[in-house]
Structures are given as C-alpha cells and as structure tokens.
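Me: I'm new to reading protein structures. Could you walk me through one, feature by feature?

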Amino acid sequence: MRRNAHYQGAAPAALSGQVTVDLSAISDNVTALKKRTEAPHFMAVVKGNGYGHGLVEVARTAVEAGADWLGTAQLSEAITLRQTGITVPILSWLYLASQTSATILEALENDIDVSLGSVTQLEVLAGIADRVGRPAVVHLELDSGLSRGGARKEDWAELVAAARKAELDGTLRVRGLWTHLAWADVPAHPGNATAVAEFEDAVREAREAGLNPELRHVSSSANILDRPEFHFDMVRAGLAIYGLAPADHLNPADFGLRPALSVTAPLVMVKKVPAGTGVSYEHQAITYEPRYLGLIPLGYADGIPKGISGRSVVNIAGRSVPVIGKVCMDQFMVDLGPDATGIDVGDTAVLFGDPASGAASADEWGAAIGSHGDEIINRIAPRLPRAYAGGADQDSAYECPDYQEPAAAGQGNVA
C-alpha cells in the first residue's frame with residue numbers, strides 16, 4: 001500500500017463529487033442516430049436539464065451535430081434556450097393552460113411551438129395568440145394508449161374541428177401531428193403497431209377536416225434504432241443521444257453510442273476494520289473477515305440511490321469495488337477488500353460512466369435498483385458541479401455554473 005493508505009483524515013481534494021459531460025459523445029451519438037433514419041427532421045430532446053447533462057450545452061452540441069429541432073417538457077426550458085440565442089425550432093409539451101398565460105405568451109413571442117391535446121388548451125392558446133398578433137404554432141397530440149397527454153380517439157374529431165376553425169380565424173397554425181407510444185421501449189410489442197395505425201387514422205381525419213400538417217412524428221429513441229417504419233417526418237431522440245439504452249434489449253455500443261456523463265468523487269478515507277464490523281446505519285452489512293473500507297463523500301442528497309448498496313460497484317485505481325452498507329445522506333462506503341494495496345486517500349472513485357473506461361454504466365446502476373439508467377442520470381443533484389469536455393470550441397474541460405431553472409408560475413400537468 002502506498003504512503004497514508006489508511007490515513008483517517010480528509011482527502012486533499014474538495015469533499016464533493018463532480019459530473020463530467022463529454023460533449024463529443026453527445027455529438028457523435030446524434031451523428032450515429034441520424035444515420036439510422038431517413039426522416040427529414042431530427043429532434044434532440046433536452047428536457048430535464050438535458051437529462052441532467054446541461055440544457056444549453058447539450059442543445060448547442062446537438063444542433064451543431066445536425067439536430068434541426070429541439071424538444072423540451074417545460075415551457076421555461078424552451079424560453080431559456082431562446083434566451084441563449086438558439087434559433088432552431090423548439091417544441092414544448094407540458095403546461096397548465098389555465099394558469100400560465102404569461103409563460104405561454106412569452107413562449108409564443110419567442111416562436112416556440114407548443115403541443116395541443118384538448119379544446120380547453122386550444123381556447124387559451126388562441127386567446128393569447130390573438131394578443132400577440134400572430135397565430136400560435138402547434139402540434140396536435142393524439143393519446144394512442146399512453147393515457148397521458150393528448151386527445152383520446154373519441155375526442156380527436158372535436159379537437160381537429162376546433163383547430164381548423166382557429167386556423168381560419170388566424171389564431172392557430174397546425175404544424176405537426178404527433179403521439180407517444182405506450183410501449184415505445186418495447187419496440188416489438190404489438191401495441192405499437194396498433195397505436196401507429198390509430199395515429200395514421202387520426203392524420204387522415206385531420207387532413208379531411210382541412211388541416212395540412214408539415215410534420216408527423218411518433219418515434220422516440222428505441223423506435224429510431226428498432227422500428228424504421230415508424231419514423232414518418234421527424235424522430236425524437238432522447239435517451240439515446242446521451243448514450244444510454246432506450247430499451248432493455250438494445251445495447252448502445254452496438255449502435256455506436258457511448259455514455260456522455262460520468263460521476264466521480266475523491267476517496268476521502270480508508271480504514272482497516274476487523275471481522276464482525278457492522279457498516280453504516282443498522283449494520284445491514286457486517287464484515288466476515290478483516291477488510292479495508294473506503295469512504296465516498298456522496299449520498300442520497302446527491303442522487304445516489306439507497307438501493308445501490310450491495311448491488312453495484314465503483315471503480316477506484318482500476319479496481320471495481322462494491323458499495324457496502326446503507327447509503328447515507330452525504331456519504332457511502334465501499335469494500336476495498338482484505339488488501340487495499342494500490343489504493344490511497346485522494347484517489348478518484350468513478351461511480352458510473354463509459355464502460356469502455358472500466359467503470360460501471362448508469363444502465364448497470366439502474367438495473368441494480370430495478371430501474372434504468374435514465375433514472376440514475378436524472379436524479380444526480382444540482383449541487384454537484386458540472387464540467388464539460390469535448391465541445392467544438394474547447395481544447396480541454398471547462399467548468400460551467402450550476403443550471404438554474406427560470407421561475408415560471410403555474411407549471412404543471414397538461415390541462
């Protein structure tokens with residue numbers, strides 16, 4: 001063991017972890033995905049602060065790599081992108097029409113397309129568009145079985161008729177028709193074909209009513225990789241542009257995709273304990289022989305799931321070591337084994353990242369807690385600093401201030 005290997009004080013590095021985002025991976029992933037579709041338009045979905053990678057940084061990188069549309073859930077995210085100078089079309093789909101008129105007004109003034117799934121939403125949008133002095137540009141959403149946003153099949157005719165009337169009145173322009181598949185992450189499920197057939201019926205009905213939408217879009221990441229017949233006029237790439245598996249049976253590496261995000265932290269303590277030592281709260285782990293334990297200064301306040309204990313590993317000095325004992329609010333322990341030679345305080349622990357580097361992947365962490373990698377990357381707390389590398393104008397990593405979601409009163413579920 002190197003000098004101070006079982007020193008029980010603080011590490012010389014700061015006692016915080018770091019999220020590092022490789023923007024070249026985002027760029028390469030977008031390029032790889034675009035090669036898998038003949039759809040004329042490609043949307044990069046950057047909701048949730050770019051799936052925890054950074055809203056503006058990911059958006060700029062995706063556009064530079066060829067994405068000609070961006071997608072957000074919250075209107076405030078889309079407005080932020082406009083405020084940073086991004087000019088490509090943006091679709092945003094989650095808002096409470098009856099309570100966010102000021103936000104909707106700002107969105108329309110910034111040329112942001114919005115989703116429309118009810119006549120109630122349509123009436124609010126039309127009224128705001130009348131104040132703006134130009135039509136609201138919308139994408140009518142069909143609920144094809146997800147039972148989330150959008151109009152159900154039995155309500156579609158009413159929505160289409162109201163949209164056509166609003167077009168004639170000059171308060172609305174229907175640019176797109178879309179749906180999201182309930183079985184999107186199980187591409188072979190027969191429910192997908194049924195939903196797409198229902199969507200095609202809805203498109204015909206809309207056109208018969210006089211609408212002339214430019215865009216039809218259905219496919220999210222898994223369908224981009226596995227169901228080219230669902231691509232229509234635009235695909236919406238979310239999880240895949242971040243290099244994670246959009247479905248259990250799809251290995252990102254098989255499609256030339258690689259994870260863009262890694263989480264690291266310094267090893268702040270190493271101690272040797274005898275056999276029979278209880279580890280962390282409630283002694284849910286007890287050593288069966290003398291072991292070295294390491295302390296990592298991240299916990300569930302940073303987004304580390306409690307369920308990861310005993311089910312996954314971190315990489316330290318090229319070794320995979322298991323998480324042991326109950327995860328605490330700000331720290332957790334790892335089992336360094338009976339011999340910690342080659343591991344020292346201050347070494348970098350890679351919690352998850354690109355498997356090619358020897359680290360566990362976010363997908364593996366997700367599977368360990370009975371979930372998926374998208375939950376892991378999206379739960380990492382804002383208090384962890386983000387660093388970016390691999391951008392078009394960067395020679396090395398740079399620090400970025402924490403993302404702050406702009407305040408927008410009344411954001412909530414779709415009306």
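What follows is a chat about how to read this predicted model.

Me: Where do I start? How many helices and strands are there in the protein?

Reply: Start with the overall inventory. Here the secondary structure comes to eleven helices and 20 strands. Then check how much of the chain is tucked away: of the 415 residues in the protein, 54% are buried. For the outside, the protein exposes about 17,300 Å², and carbon and sulfur atoms supply 49% of that.

Me: And what share of the contacts comes from residues 24 or more positions apart?

Reply: Take the contacts with a separation of 6 or more. Residues 24 or more positions apart account for 67% of them.

Me: Okay, now the annotated spots. Which residues does UniProt place under "active site"?

Reply: An unreviewed UniProt entry puts that feature at K47 and Y281. From this set, K47 is part of the lining of the largest pocket. UniProt also lists K47 for "modified residue: N6-(pyridoxal phosphate)lysine", again in an unreviewed entry. Keep in mind that such annotations may be inferred rather than shown by experiment.

Me: How do I describe the place of K47? Which helix is K47 found in?

Reply: Give the element, then the exposure, then the contacts. K47 is found in helix 2, which covers residues 47-51. Buried means under 20% relative accessible area and exposed means over 50%, with partly exposed in between. K47 has a relative accessible area of 31%, so K47 counts as partly exposed. Not counting residues up to four places away in sequence, K47 touches G71, T72, A73, E77 and W93.

Me: Let me try the other one. Is Y281 buried or exposed?

Reply: Use the cut-offs again: Y281 is exposed because its relative accessible area is 56%. Y281 sits in the loop between strand 12 (278-279) and strand 13 (285-286). Leaving aside neighbours within four places in sequence, Y281 is in contact with K326 and C328.

Me: How do I read burial along a whole helix, say helix 3?

Reply: The general idea first. An α-helix has 3.6 residues a turn, so residues three or four places apart point the same way. Now the case here: helix 3 (residues 55-64) is largely enclosed by the rest of the structure, because seven of its ten residues are buried. Those are L55, V56, E57, V58, A59, T61 and A62. Just after helix 3, look at G66, which takes a positive phi of about 120 degrees.

Me: And strands? Which residues of strand 5 point one way, and which the other way?

Reply: Think of two faces. In a regular strand the side chains alternate between the two faces of the sheet. In strand 5 (residues 113-116), D113 and S115 point one way while V114 and L116 point the other, and all are buried.

Me: How do I see what strand 5 pairs with?

Reply: Look for bridges to its neighbours. Strand 4 (residues 90-94) runs parallel to strand 5, and two bridges join them. One pair to look for is S92 with V114. Strand 5 also pairs in the parallel sense with strand 6 (residues 136-141), over three bridges. There, V114 has V138 as its bridge partner. To get from strand 5 to strand 6, the chain goes through helix 6 (residues 119-132), and this β-α-β crossover is right-handed.

Me: What about antiparallel pairing? Which strands pair with strand 10 in that sense?

Reply: Strand 1 (residues 18-22) pairs with strand 10 in the antiparallel sense over four bridges, with V21 opposite L261. Strand 18 pairs with strand 10 in the antiparallel sense too, over four bridges. In that pairing, P266 has T348 in strand 18 as its bridge partner.

Me: And how covered is strand 10 itself?

Reply: Six of the six residues of strand 10 (residues 261-266) are buried. L261, V263 and A265 lie on one side and S262, T264 and P266 on the other, so to speak, front and back are both covered.

Me: Last one: where is P338?

Reply: Find the flanking elements. P338 is in the loop between strand 17 (332-337) and strand 18 (348-352). Then check for partners far along the chain: P290 is 48 residues apart from P338, yet their C-alpha atoms are separated by 6.1 Å. Leaving aside neighbours within four places in sequence, P338 is in contact with E289, P290, R291 and Y292.

Definitions and conventions:
Residues are numbered from 1 along each chain as its sequence is written. This is a predicted model: local features need pLDDT of at least 70, side-chain atom pairs count only at pLDDT 80 or more; totals for chains, interfaces and linings use all residues. Side-chain values use heavy atoms; hydrogens and water are left out. Buried means under 20% relative accessible area, exposed over 50%, partly exposed in between (1.4 Å probe, protein chains only). Contact means heavy atoms within 4.5 Å. Accessible areas come from the Shrake-Rupley method with a 1.4 Å probe; for residues, only the protein chains shown count as cover. On a 1 Å grid over the protein atoms alone, a cavity is a set of points where a 1.4 Å probe fits but cannot get out, and a pocket is an open set with protein on both sides within 12 Å along at least five of seven lines; lining residues have an atom within 4 Å of a point. Two strands pair if DSSP finds at least two bridges between them. A crossover is right-handed if, with the strands pointing away from the viewer, the path from the first strand over the helix to the second runs clockwise.
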